[in-house]
Amino acid sequence: MKKRTLTGALALGAVSALALAGCAAGAEAETLENGDEKSVTIAVFNGWDEGIAASELWKAVLTEQGYDVTLEYADPAPVYSGLTTDDYDVTLDTWLPITHADYIEQYGDDLVDLGAWNEDAKLTIAVNEDAPVDSLADLAANAELFDNRLVGIEPGSGLNRVTTEEVIPTYGLEKMDYLTSSTPAMLAELTAATEAGENVAVTLWRPHWAYDAFPLKDLEDPEGALGEAEGIHSFGGKSFETTHPTLAGWLQDFEMDSELLFSLENAMFNADGSDDYAPIVEQWIADNQEYVDSLTK
């Protein structure tokens, strides 16, 4: 290599290094007075309404506190993977000890459990209130009354795993058509069956606004295949307590009982059908101001 070329290369390298240093300095995260990075990304599971409701509530609360909040929708697997790489800061809809246990076993060493904010979560198989069965133990023998169908939600969901691995073999439901697609598709099937006065069996969970919108009952689960009631936890990414120490503390103290959650879900998903949640949440906050103020004390 000629000396002239080497010198040029060194000069170019020096310029590049300075440019990178400038980019690094310019990319330094903006920080709020409370010590948190201003930007926060909340990962939200597709189709899980309690998580959507809680995330929209915290988005409104944190925006008022000066944060720049982004909600990113994804399925559970990429959410937990993304939390370990700080692509997301936090997610508010981890069900333990059953539904999302596989993900926490896989990724939990690089996450932080901020605690449960609701302890009444329950996986269910629900049917129309006047259906001629009351128990999962009777469903297989009466499958034809439900058009031989059990309607599920997202294939990647914990509810799908429990239904496939536990409920179906436990109660001999293998001959029923188990349909999985999405939560909106399941709700569309539920709506159509209700309007037609037909029997329907769906995988569902509590808390969910569908219990207020439709005349439903949960099938008894004498073998306990669906598990006991669970807690809904907030989980932070591997750097969350460092980048957002104040918010981490708020989420550790976060509690929301099912009645409050139902009222927020109903306002968002079962009122006027709008998916512009901001004004709906704003009104709900105004109606529940004392509770909302307590979230950031």
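**Asking how we know: Thr84, strand E9 and a helix pair**

Thr84 touches Tyr107, Asp110, Leu111 and Lys238, leaving aside residues up to four places away in sequence. The model here is a predicted one.

Reader: What makes those four residues count as touching Thr84?

Author: Contact means heavy atoms within 4.5 Å, and Tyr107, Asp110, Leu111 and Lys238 are the residues listed as touching Thr84. Thr84 itself sits in helix H3, residues 76–84.

Reader: Why is Thr84 called buried?

Author: Buried means under 20% relative accessible area. Thr84 comes out at 13%, so Thr84 is buried.

Reader: OK, on to strand E9. What makes you say E9 is largely enclosed?

Author: Strand E9 covers residues 230–236, and 7 of the 7 are buried, so the rest of the structure largely encloses it.

Reader: How do you know that both faces of E9 are covered?

Author: In a regular strand, side chains alternate between the two faces of the sheet. On one side of E9 you have Glu230, Ile232, Ser234 and Gly236, and on the other Gly231, His233 and Phe235; they are all buried.

Reader: Why is E9 said to pair with E3?

Author: Pairing takes at least two bridges between the strands. E3 (residues 90–96) and E9 have 5 bridges, so they pair, and they do it in the antiparallel sense. One bridge puts Trp95 with Ile232 of E9.

Reader: And what makes E4 a partner of E9?

Author: The reasoning is similar: 5 bridges join E4 (residues 112–128) to E9, against a cut-off of at least two, so E4 and E9 pair. They run antiparallel, and Ala116 stands opposite His233 of E9.

Reader: How do you know that helices H10 and H11 cross, and at what angle?

Author: The axes of H10 (residues 258–269) and H11 (residues 277–287) come within 9 Å and cross at roughly 145 degrees. The crossing is right-handed. From H10, the contact uses Leu260, Ser263, Leu264, Ala267, Met268 and Phe269; from H11, Tyr277, Ile280, Val281 and Trp284.

Reader: What kinds of residue make up that contact of H10 with H11?

Author: Sorted by type, there are 9 nonpolar, 1 polar and no charged. Ser263 of H10 is polar, because Ser is not on the nonpolar or charged lists.

Reader: Last one: which stretches make up the two domains?

Author: Domain 1 is 39–121 + 229–295, and domain 2 is 122–218; these bounds come from an automatic or database domain assignment. Their contact takes 22 residues from domain 1 and 18 residues from domain 2, while their C-alpha centres lie 26 Å apart.

Key
Residues numbered from 1 in each chain as written. Predicted model: local features only at pLDDT ≥ 70, side-chain atom pairs only at ≥ 80, totals over all residues. Heavy atoms only, no water. Buried < 20%, exposed > 50% of the residue type's maximum accessible area, 1.4 Å probe, protein only. Helix = DSSP H or I, 4+ residues; strand = E, 2+ residues; numbered from the N terminus. Axes fitted to C-alpha atoms, helices over the stretch in contact; angles between N-to-C directions. Left-handed = near helix turned anticlockwise from the far one by under 90°.
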